[in-house]
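Here are a few exercises to work through with the model open beside you. Try each task before you read its solution.

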Amino acid sequence: MTDRTEQGARWDLWAPHYDQDTAGQDHQPTAAGLADLAGPGPMLELGIGTGRIAFALAEWGVPVTGIDASPRMIARLEARAAQDPPRVAVRAVTGDMARFALGELFPLIYVSVSTIFLLTSQDDQVACFRSAAKHLRPDGHFVVEAAVPYASGLATERDQMIVREMSEDHLKWSAFLHDAATQTVRAQEIRIGTEEGFRMLPNLMRYAHPAELDLMAQLAGLRLERRTADWAGNPFTSTSTHHVSVYSHLPAEPALPTGAPA
Ligand SMILES: C[S@@+](CC[C@H](N)C(=O)[O-])C[C@H]1O[C@@H](n2cnc3c(N)ncnc32)[C@H](O)[C@@H]1O
């Protein structure tokens, strides 16, 4: 199995639970921030999932194309679009956000909620920046929203276990194994209940610090235009737990005058 198909299989397991699990999260600030940057669009979302953010953007009149590794996450997106058709198109293709070729340029490409960390090697994350750069219009923006690894608690000094929910007939807990050498965190969420039975929901991430993401951008011919701590535009500081980073194409180097020393 390739990394993409392994991640796709993991997210197929999450697909029936994802919308309910994220129902309490307010994605309007994300959609509003992205719509501001993209104008009329269209936009490309990497790891679009069930379309949580894309459908909110469609409400603002911005069409969204997405790529996702999980056929079951995409099936949920398609079922929602069929049941409650959005104002403008929301469509998704199965694929790898590390390496893709859509034959189309976008004014805005985004990857939200630390989804870039689901590419589990540095090579794949660099490839993702390169693929995004190739699909960006000359004045386009690539937006990465992600956790700051240690400040957010994604990477901790020790392996840990967290009880998330507990009642008379239901228990949900998560275990994390952190490998600082590979910058990876392997997670397993266990759910047990009299109604739901027993479920294991695995996850694997490779985290990267903001500065490493900026270097990946440079390798792809992009530069950091601005970084904030959130979608409201609060300043990014040494205590920020998350960041919203906006990249654009590097300006072309001025040509050396003929005969000038290199
Ligand atoms: C945390 S969910 C985010 C979904 C959506 N962006 C949202 O905010 O609700 C991460 C998504 O990334 C997808 N994914 C993981 N690895 C991928 C890869 N290599 N290529 C494309 N999608 C991938 C998963 O299938 C999953 O749907």
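**Exercise 1.** Which helices each supply at least two residues of the shell around the ligand?

*Solution.* Before starting, note that this is a predicted model, in which local features need pLDDT of at least 70 and side-chain atom pairs count only at pLDDT 80 or more, while totals for chains, interfaces and linings use all residues. Residues are numbered from 1 along each chain as its sequence is written, and side-chain values use heavy atoms, with hydrogens and water left out.

Step 1: the helices are α1 (3-21) and α3 (52-59); helices here are DSSP runs of H or I with at least four residues, strands are E runs of at least two, and both are numbered from the N terminus.
Step 2: α1 gives the most, with four residues.
Step 3: the shell holds 22 residues, with Y18, E45, G47, R52 and D68 coming nearest (a residue is near if one of its heavy atoms lies within 4 Å of the molecule).

**Exercise 2.** Find polar contacts of the ligand with E45, D68 and A69.

*Solution.* A polar contact is a pair of N or O atoms within 3.5 Å.
Step 1: in the side chain of E45, an N or O atom sits 2.7 Å from a ligand nitrogen.
Step 2: D68 brings a polar side-chain atom to 2.6 Å from a ligand oxygen.
Step 3: A69 uses its backbone, where a polar atom is 3.1 Å from a ligand nitrogen.
Step 4: the protein covers 97% of the 600 Å² of accessible area that the ligand has on its own (Shrake-Rupley method, 1.4 Å probe).

**Exercise 3.** Describe how α2 packs against α3, then treat α5 and α6 likewise.

*Solution.* Two packed helices are described by the angle between their axes and the distance between the axes. Axes are lines fitted to C-alpha atoms over the stretch in contact, with angles from 0 to 180 degrees between N-to-C directions.
Step 1: the axes of α2 (residues 28-38) and α3 come within 9 Å and cross at roughly 60°.
Step 2: α2 is therefore oblique to α3 (not under 35 degrees, over 145 or 65 to 115).
Step 3: for α5 and α6 (residues 210-219), the angle is about 55° and the axes are 8 Å apart, so this pair is oblique too.

**Exercise 4.** Where does the cis peptide bond lie?

*Solution.* Step 1: the bond joins G41 and P42, with omega about 0°.
Step 2: P42 belongs to the loop between α2 and β1 (43-46).

Technical notes
A polar contact is a pair of N or O atoms within 3.5 Å; within protein, one must be able to donate a hydrogen and the other to accept it, and residues adjacent in sequence count only if both atoms are side-chain atoms.
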